[in-house]
Amino acid sequence: MSKNLIVSLLSDQAVQNVMFIKQMSNEQTEHLFVSTEKMETKGIKNNVKNVCGIKKEQTIIVVEDSIKDIEKKLNEIDYSNYEKILVNITGGTKMMAIAVKGFFDDKSKAEMFYVPIRRNEIVNLRNEKTKKIDCKITLFDYLRSYGVKVANKRKLTFSEEYTIKFYEKYYSELSSKGILSSLRYSRNENSIKNIWHELKKIGFEENLKNKDIKYLTGDWFEEFVYFKIRKEKKLTDDYIKIGLTREGVQNEFDVMYLDNYELYIIECKTSILNNDKNIVSETIYKAKALLKDFGLTVKASIWTLSSKQEIKNSGMERADYFDIEIKSGEELRA
């Protein structure tokens, strides 16, 4: 097996490097990282190494806007032991990419590559041939690429069959009788005693546990969305999770999944109105604020049982501006 060298330019967009390394390396492959002081401080290299299982590497730390410095540092590396040098110029700054490409352009055993965003393929820049990426990257691999540590993940409360039945048969009736509102805004023993006989009909015990109350007042919808996406996208547990929380961050991600190497984050709201207060702006702000840590291809959306008309009256145009999709109750029933 030939010994190759993969050259990776580091930047905040880490997953493109992870995809390239996982696709193009073997047990004999060695690695050279072109980094900067800023990337070293952020720990980008360690994130990539951990996800890709790289135990040993060479690293040069360059001045990102100095072609002379980059060329000088590259010249300090011995390339004679490698049969091929695979240079991925997707990351780094534009100046770093120009300098690295210029350095390796005249080396016969060097091949230059680029990983375009959202195309999931590797382009050979010498002959413009493409190679489809088909390596395995799980949801947690993706998150670890960006240094995101998962503190907790929620377990499903009920089965898919029960949750679908709750949506189709129980939710409207419970809502119309004010039972869910009672649980949402007043969870004292007296209020629960007054409604438990209605809940007993659909399988709940008199002494409601906290997880039961959370399920009835919103978790059921998150689980419904989880089951719906998992089935439609044919995803396994490695690629979709519910109720993830980040280490050191209070916000919870209702549903998060990875499909075709792209990350999707969904906020689930049974209604976009909360006690007559519009919560779309709050939800949009939360979703957008979280996206900055997850790369350029991440997509956020809000799923709600509210109607298209309610959405239109409550700030849909703001969501469009932030490139956040809102899926209405009519679309969920379609």
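**Exercise 1. Work out how α4 and α5 are oriented to each other: roughly parallel, roughly antiparallel, roughly perpendicular or oblique.**

Step 1. Find the two helices: α4 covers residues 67-75 and α5 covers residues 94-104. Helices here are DSSP runs (H or I, at least four residues; strands are E, at least two), numbered from the N terminus. This is a predicted model, where local features need pLDDT of at least 70, side-chain atom pairs count only at pLDDT 80 or more, and totals for chains, interfaces and linings use all residues. Residues are numbered from 1 along each chain as its sequence is written, and side-chain values use heavy atoms, with hydrogens and water left out.

Step 2. Take the geometry: the helices pack at an angle of about 45°, and their axes are 9 Å apart. Axes are lines fitted to C-alpha atoms over the stretch in contact, with angles from 0 to 180 degrees between N-to-C directions.

Step 3. Compare with the cut-offs: under 35 degrees is roughly parallel, over 145 roughly antiparallel, 65 to 115 roughly perpendicular, and the rest oblique. The pair α4 and α5 is therefore oblique.

**Exercise 2. Describe which residues make the contact between α4 and α5.**

Step 1. Contact means heavy atoms within 4.5 Å. From α4 come I67, I70, E71, L74 and N75, while α5 supplies M95, M96, I98, A99, V100, F103 and F104.

Step 2. Sort them by class: 10 are nonpolar, one is polar and one is charged. (Ala, Val, Leu, Ile, Met, Phe, Trp, Tyr, Cys and Pro count as nonpolar, Asp, Glu, Lys and Arg as charged, and the others, Gly among them, as polar.)

**Exercise 3. Find what the salt bridge of K42 and D12 ties together.**

Step 1. A salt bridge puts a side-chain nitrogen of Lys or Arg within 4 Å of a carboxyl oxygen of Asp or Glu. For K42 and D12 the N to O distance is 2.9 Å.

Step 2. K42 sits in helix α2 (residues 37-42) and D12 in the loop between β1 (4-9) and α1 (15-24), so the bridge joins parts 30 residues apart in sequence.

Step 3. Check accessibility: buried means under 20% relative accessible area, exposed over 50%, partly exposed in between (1.4 Å probe, protein chains only). K42, at 43%, is partly exposed, and D12, at 33%, is partly exposed.

**Exercise 4. Decide whether K45, the salt-bridge partner of E57, is buried or exposed.**

Step 1. The E57 and K45 side chains meet at 3.6 Å, N to O.

Step 2. K45 has 11% relative accessibility and counts as buried, whereas E57, at 21%, is partly exposed.
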